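Me: I have a model open and would like to go through some of its local geometry. Please keep the answers short and end each on what I asked for.

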Amino acid sequence: MPYNTRLTIFLVVAIFSVCVLLFFVFYGPIKRFLYKHFTVRMYYRNVRRVTLDNDFYLINDFMNRTADREQFTIDHIMVGEKFIYVIRDRYYPGALSATEDDPKWIFYKGKKTRMIPNPLLMNHLRMERLSLLTNLDLKLFVSIVLINNDCLMTPMQNTKCDSFLVSLKKFPELIKTLENQKDVPPLNEESVAVAVKDFAHLNLNSKNK
């Protein structure tokens, strides 16, 4: 084999090896940066995938106000066959010590700790506001807080049937379990169509674009 050919092959292999090495070195930090600073956008891909796989409806970036003009936002409203899912995206680059009903959770990042509001309680409140706003029965709604896969958590017992904390990886499985409940009747198709139109109409973010 000519020297020039061997040199070309060596350079191509060397460059490829360096690129692979750089990918593995920087993939983690870049991924964490994107999930931290663009949480809703990154999580949207997972939520949209579940929506498409199940032929659900999806409204993103919902915003409205309560009767006393307090603003509230919902990252995703996903309308399934049996439930309306109120989804909030949260990114925790560390560990959580939490119980279901505690108003505050302990968040550990390295050697530092701080108290954070319980996202389950906060999202359940958003769900209640949405129910009042649309005059839809609260029993039709399920609150879900999505967290990153690498977040560490102390074991937490889930006692409620309408409020869940779940990682992105386990999100599809949770939706499948909830939608496959045989004792829960499907939503009325006409009511679903009306609800989706109402969500779109009530979304103040869509009117501001």
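The questions below deal with strand pairing, one serine and backbone angles in this predicted model.

Me: Over how many bridges do β4 and β5 pair?
Reply: Strand β4 covers residues 95-97 and strand β5 covers residues 104-109. The two form a hairpin with six residues between them. Their pairing is antiparallel, and the number of bridges is three.

Me: Which residue in β5 stands opposite S97?
Reply: β4 and β5 pair in the antiparallel sense. Within β5, the residue opposite S97 is I106.

Me: Which residue in the turn between β5 and β6 has a positive phi?
Reply: β5 pairs with strand β6, residues 112-117, in the antiparallel sense over six bridges. One of the residues facing each other here is K109, whose bridge partner in β6 is K112. The hairpin leaves two residues between the strands, and the one in the turn with a positive phi, about 65°, is G110.

Me: Is S131 buried or exposed?
Reply: S131 is placed in helix α3, which spans residues 119-134. The cut-off for buried is under 20% relative accessible area. S131 has 8% relative accessibility, so it counts as buried.

Me: Which backbone nitrogen does the side chain of S131 reach?
Reply: Apart from neighbours within four places in sequence, S131 is in contact with L136, D137, L138 and F141. To one of these residues there is also a link from the serine side chain to the backbone, at 3.5 Å. The backbone nitrogen reached is that of L138.

Me: What is the relative accessibility of D61?
Reply: D61 lies in strand β1, residues 57-65. Its phi is near 55°, a positive value in a residue other than glycine. Partly exposed covers the range between under 20% and over 50%. D61 counts as partly exposed because its relative accessibility is 37%.

Me: Where is N135 found, and is it buried or exposed?
Reply: N135 is found in the loop between α3 and β7, the latter being residues 141-147. Phi of N135 is near 60°, a positive value in a residue other than glycine. The cut-off for exposed is over 50%. With a relative accessible area of 71%, N135 in this loop is therefore exposed.

Note on methods: Residues are numbered from 1 along each chain as its sequence is written. This is a predicted model: local features need pLDDT of at least 70, side-chain atom pairs count only at pLDDT 80 or more; totals for chains, interfaces and linings use all residues. Side-chain values use heavy atoms; hydrogens and water are left out. Two strands pair if DSSP finds at least two bridges between them. Helices (H or I, at least four residues) and strands (E, at least two) are DSSP runs, numbered from the N terminus. Buried means under 20% relative accessible area, exposed over 50%, partly exposed in between (1.4 Å probe, protein chains only). A polar contact is a pair of N or O atoms within 3.5 Å; within protein, one must be able to donate a hydrogen and the other to accept it, and residues adjacent in sequence count only if both atoms are side-chain atoms. Contact means heavy atoms within 4.5 Å.
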